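User: I am new to this structure and would love a close look at a single part: the place where the two chains meet. Could you walk me through that part and its surroundings?

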Amino acid sequence: MSIRLLLVISLTAMLFGCSSDKVKDDAPAAVEDLSSQQANANADDSDAQAYATDDSSTSGFSQLDDPQSPLSVRVIYFEYDSSEIRSEFRSAIEAHAAYLSQNADTTVTLEGHADERGSREYNLALGERRAQSIKQQMLLLGASSSQIRLVSYGEERPEIDGHDEASWQQNRRVEILY
Amino acid sequence: MKVTFKFFIAGLMFVSLQSQAVLDIKITQGIEQALPIAIVPFSWSQASSVAPIDLTKVITDDLKRSGRFDVMDELDLPQRPAEFDAINFNDWRKLGMENILIGNLTLTENGDYDVSFRLIDVYRGKQIAGFRIPAKPNLLRRVAHQISDIVFEKLTGTPGAFDTRVAYITVKKTKKKKTHTLQIADADGYNAQILLESPEPLLSPAWSPNGKKIAYVSFEGRNSAIYVQDILTGKRERVAAYEGINSAPSWSPEGSRLAMTLSKDGNTEIYIMSLHSKTLKRMTNHSGIDTEPTWSPDGRKLAFTSDRSGGPQIYEMDIRGGRPKRVSFEGKYNVRPAYSPDGKFITLVHAVNGSYHIGLLDLSNGYINTLTDAKLDESPSFAPNGGMIIYATTGVRGAQLAAVSTDGRIHQRLGLQQGDVREPAWGPFLK
């Protein structure tokens with residue numbers, strides 16, 4: 001996360017942190033009608049601008065958008081032919097589970113993936129089992145089943161198209177999609 | 001979020017692909033004891049015009065591709081007889097030629113064609129087979145494959161599988177999107193036709209036993225679902241779209257049921273669906289992965305992949321239910337089973353030292369013979385005569401189709417020009 005993006009986010013937080021209904025309703029326009037100084041700060045960073053606009057369509061600034069929160073971890077990686085959650089991802093999954101239990105209206109899709117090795121159908125099942133293992137963990141930590149949707153794409157949607165371990169380890173994953 | 005997909009189904013009219021998109025077949029490794037045969041260019045009744053098809057070339061390519069025949073170079077032919085009586089047997093015997101194929105292509109009064117041919121045993125000086133086949137213009141290529149099938153069967157003792165088709169999935173990537181298609185083509189790669197095109201993944205095409213329908217998995221609805229599509233009309237039906245995985249369709253030998261993988265009850269299990277009533281019978285009950293069911297040719301058993309013992313292995317179970325029996329023991333990773341037409345073997349993906357090869361499991365002794373040696377081979381499918389296995393192999397040029405004889409001696413590479421080609425399924429004998 002770049003410093004520039006952090007700056008934009010903190011500006012956004014100041015603008016929308018105590019958001020009123022008016023700001024929410026006029027959000028897309030509000031972003032464009034900012035004072036010239038702030039508009040310039042956004043002007044040359046289209047990613048950041050899109051970020052602010054997206055944010056304003058929900059209930060103001062949310063924990064989900066804090067790059068320093070463990071909630072910013074949205075991809076959980078796995079070992080070969082395994083659906084065991086690696087220890088380094090525990091805190092992220094705990095944070096997502098806590099967020100879901102505190103925000104009962106929020107739903108999330110866990111999208112399971114596998115690397116290309118072996119058969120497509122087995123990998124489809126493996127992708128689901130990876131998503132399933134994160135779901136089970138989230139349920140234990142207070143999320144409710146109705147908040148979590150699972151989908152597996154197996155090896156059909158690799159993050160990286162290469163045919164080597166460096167690519168495969170990026171592809172063995174579950175994406176947490178709010 | 002509402003997503004609109006551009007979706008296209010080939011309807012009553014097939015979409016013909018450009019000629020460069022055919023599968024290019026090369027024999028990368030042959031066998032030494034090939035049968036010698038001479039194919040005399042077929043005579044053509046309208047000698048002043050060009051024949052509508054080069055039958056001789058189609059038949060020659062078929063026989064060469066099988067790896068079982070040594071076809072005489074056309075320049076070496078001592079004579080070019082079109083009729084039995086014109087054959088000078090001594091000329092052929094001197095060259096050591098054992099079999100010759102001669103024939104005629106005739107334009108009939110109504111604009112159709114007659115193809116006649118004779119296969120002759122040179123040493124006995126006798127006809128082995130002789131047929132006259134009437135054909136519409138668009139079926140001439142098929143007639144050539146039928147002639148290849150007859151020659152193959154008469155001289156090798158097993159039926160040929162030249163007059164068959166393969167289904168497969170292609171993927172084309174541009175900067176912005178991927179396009180997936182389900183296609184069928186003749187076994188020699190010609191006449192490729194698109195049955196379905198989708199921006200979302202397609203996989204696991206499976207031919208109905210009569211060759212008229214294809215079941216497959218499509219992600220067009222943002223999740224896997226099983227569809228059955230009529231090849232001729234393009235009409236299709238979504239037969240399984242439960243919560244979770246809907247995949248791995250496999251037809252029962254009589255064509256009325258589909259075995260499939262569903263995870264609607266918590267994790268992947270094998271089910272059998274009656275296509276008429278859509279009722280489901282659950283076949284497995286285990287917390288591990290159970291998937292890739294495939295029907296034995298006699299209809300009595302299902303083989304499938306399960307990791308209930310740790311890594312994925314092949315199991316067999318009785319169609320009436322009961323405890324599955326593990327049948328693969330060699331290696332830590334065996335998946336994607338498919339029975340040979342005689343039911344005595346299962347082809348599978350067999351990992352050895354991190355490489356994924358096509359293997360052949362002998363059900364009588366559990367031994368797995370490794371047939372291929374690339375790093376990423378998958379999706380093996382038997383030809384209906386049991387002689388060859390088509391599969392997908394991934395290399396530097398992406399995924400391509402390849403075929404290997406069941407004895408491992410003949411290897412073919414079927415190179416499509418661009419994009420990935422994967423998930424081949426060899427269709428049944430055409431009726």
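Analyst: Here is a tour that starts at the contact between the chains and then moves outwards on either side.

A few ground rules come first. This is a predicted model, in which local features need pLDDT of at least 70 and side-chain atom pairs count only at pLDDT 80 or more, while totals for chains, interfaces and linings use all residues. Residues are numbered from 1 along each chain as its sequence is written, and chains are lettered from A and ligands numbered from 1 in the order in which they are written.

Let us begin with the contact itself. Chain A brings 21 residues to it and chain B brings 30; two residues are in contact if their C-beta atoms, placed from the backbone, lie within 7 Å. On the side of chain A that touches chain B, the elements giving two or more residues are helix H7 (120-140) and strand E3 (148-154) of chain A. Helices (H or I, at least four residues) and strands (E, at least two) are DSSP runs, numbered from the N terminus. H7(A) gives the most to this side, with nine residues. By class, the side of chain A that touches chain B has seven nonpolar, five polar and nine charged residues. Here Ala, Val, Leu, Ile, Met, Phe, Trp, Tyr, Cys and Pro count as nonpolar, Asp, Glu, Lys and Arg as charged, and the others, Gly among them, as polar.

What does H7(A) meet in chain B? H7(A) lies across E21 and E22 of chain B and runs at about 150 degrees to E21(B). For such angles, axes are lines fitted to C-alpha atoms, for helices over the stretch in contact, and angles run from 0 to 180 degrees between N-to-C directions. Strands E21 and E22 belong to an open sheet of four strands in chain B, with the order E21-E22-E23-E24 and antiparallel pairing. Two strands pair if DSSP finds at least two bridges between them. At the edges are strand E21 (290-295) and strand E24 (325-326) of chain B, each pairing on one side only. Within the sheet, strand E22 (residues 301-306) and strand E23 (residues 313-318) of chain B are joined in the antiparallel sense over six bridges, and B:Ser306 stands opposite B:Gln313 in E23(B).

Now turn to the sheet of chain A. Its four strands form an open sheet in the order E1-E4-E2-E3, and the pairing is mixed. The edge strands are strand E1 (75-77) and E3 of chain A, each of which pairs on one side only. From one strand to the next, the twist averages 20 degrees. H7(A) packs on this sheet as well, touching E1, E2, E3 and E4 of chain A, and its direction makes about 155 degrees with that of E3(A). In the same sheet, strand E2 (residues 108-113) and strand E4 (residues 173-177) of chain A pair in the antiparallel sense over four bridges, with A:Thr109 opposite A:Leu177 in E4(A).

H7(A) also has a helix for a partner. The axes of helix H6 (residues 90-102) of chain A and H7(A) come within 9 Å and cross at roughly 55 degrees. That angle makes H6(A) oblique to H7(A); angles under 35 degrees count as roughly parallel, over 145 as roughly antiparallel, 65 to 115 as roughly perpendicular and the rest as oblique. H6(A) passes H7(A) in a right-handed crossing, where a crossing is left-handed if the near helix is turned anticlockwise from the far one by less than a right angle, and right-handed if clockwise. In this contact, A:Ile93, A:His96, A:Ala97 and A:Leu100 of H6(A) meet A:Ile134, A:Gln137 and A:Met138 of H7(A). Those residues comprise five nonpolar, two polar and no charged ones.

To put the pieces together, H7(A) touches the four strands E1, E2, E3 and E4 of its own chain, meets H6(A) through residues including A:Ile134, and lies across E21 and E22 of chain B.
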